[in-house]
Amino acid sequence: MYEPKLNLVDTEKGIKLVKDHFEKNLAKELNLLRVSAPLFVTTKSGLNDNLNGVETPVTFRINGVDDNLEIVHSLAKWKRMALKTYDIPVGEGIYTDMNAIRKDETLDNLHSIYVDQWDWEKHITRKDRKISYLKKTVRKIYKAILKTQKEVLKVYPTLTPIFKNEVFFIKSKDLLKMYPDLSSKERENKICEKYGTVFIIGIGGKLKNGKPHDLRAPDYDDWKLNGDLLVFYKPMGCAVEISSMGIRVDHKSLLNQLKTTKKMERVSLPFHIALLNDELPLSIGGGIGQSRLCLLFLNKIHIGEVQSSIWPDELKKSCESQGIKLL
């Protein structure tokens, strides 16, 4: 039977502690300004994150607007527009609290229909569009994680630290060479169990086995310059993704990826027109899961212990039988 290390009250206090400290540390490490962000966007704007391309957003209409409104999946494209709107200088960026509904999500210990993350975006130069800059940024994010972990352990010393090692970097194509007979998720588990915290570079493009390591929308990350940050979590016996991030597409990579995915119709959308006309800043950005980090820092085993969401009755009964208290 699972026994949480923190009761409900201390869990709520711990959630606040994690969010306050990590937000502060992230902003300092990446030189970010906090901004307000939308909960929904219009369909015609093309600003919603299409995720893997198969999920459908929660949609509704309001009086006076001749278009559907969509609850965001994430703010991947909106943030790049915001860099221009706020006239953010090179070397600086923005972050925001992103709340989303992903109604098609498969629910389990790590996935909920309610998504909360820190979405961030930073203005960069063309010379920054390289893997070394991506790695440098990942290390800064990891520094913010380590600082937050230290602060959480001061308040709750009975908790077990999860982040212990430096980040190990590996390209998805090299990971496939290491474990050619495993699925992508099995490869993630293997490499994270070996190295602890891992950043896998190159998500979205097809590998030698004819499949991408994972699916990515074609119009925000450059598939050669992006990746996922994961950590092996012993209580659950698997790798947990903390962040999906990357250097964003430029004119050339956007067209290449739209052609590859047969999504060329998107070039007529406002966001894509602005990008193809070189009207948007070059940038790097990503999302960092708030509930995911809280789960790890507070030694929980179900995302429902650190966020309030809706769960099927069967899942709730299963959690209750295991001693898991959902918020």
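**Why these labels?**

Colleague: Where does D278 sit in this model?

Modeller: D278 sits in the loop between α7 (270-276) and β11. Those element names are DSSP runs numbered from the N terminus: helices are H or I with at least four residues, strands are E with at least two. Bear in mind that this is a predicted model, where local features need pLDDT of at least 70, side-chain atom pairs count only at pLDDT 80 or more, and totals for chains, interfaces and linings use all residues. Residues are numbered from 1 along each chain as its sequence is written, and side-chain values use heavy atoms, with hydrogens and water left out.

Colleague: Why is D278 called exposed?

Modeller: Exposed means over 50% relative accessible area, buried means under 20%, and partly exposed is in between (1.4 Å probe, protein chains only). D278 comes out at 56%, so it counts as exposed.

Colleague: What stands out about phi of D278?

Modeller: Phi of D278 is near 55 degrees, a positive value in a residue other than glycine. D87 has a phi near 55 degrees too, again positive in a non-glycine residue. D87 is in the loop between α2 and β5 (93-101).

Colleague: How do you know that D87 counts as exposed?

Modeller: Its relative accessibility is 63%, so D87 gets the exposed label.

Colleague: And what makes Y220 buried?

Modeller: Y220 has a relative accessible area of 9%, so it falls in the buried class. Its place is the loop between β8 (197-201) and β9 (221-233).

Colleague: Why does F60 count as partly exposed?

Modeller: F60 is at 30% relative accessibility, so it lands in the partly exposed class. F60 belongs to strand β3 (residues 59-60).

Colleague: How many cavities of 30 Å³ or more does a search of the whole structure find?

Modeller: It finds 1, and the largest cavity has a volume of about 30 Å³. The label needs a set of points, on a 1 Å grid over the protein atoms alone, where a 1.4 Å probe fits but cannot get out; a pocket is instead an open set with protein on both sides within 12 Å along at least five of seven lines, and lining residues have an atom within 4 Å of a point. Volume here is the space filled by probe spheres set on the points.

Colleague: What makes up the lining of the largest cavity, by class?

Modeller: It has 7 nonpolar, 2 polar and no charged residues. Ala, Val, Leu, Ile, Met, Phe, Trp, Tyr, Cys and Pro count as nonpolar, Asp, Glu, Lys and Arg as charged, and the others, Gly among them, as polar. Lining residues include V152, L153 and F297, and α3 gives the most, with 3 residues.

Colleague: Which residues lie nearest the centre of the largest pocket?

Modeller: R102, E105, H111, E241 and R292, out of 47 that line the largest pocket. Its volume is about 1100 Å³, and β10 gives the most to the lining, with 9 residues. By class, the lining divides into 15 nonpolar, 15 polar and 17 charged.

Colleague: How much space lies in the second largest pocket?

Modeller: About 590 Å³. The second largest pocket has 22 lining residues, and G202, G205, D222, W223 and K224 are the closest to its centre. Its largest share, 5 residues, comes from α6.
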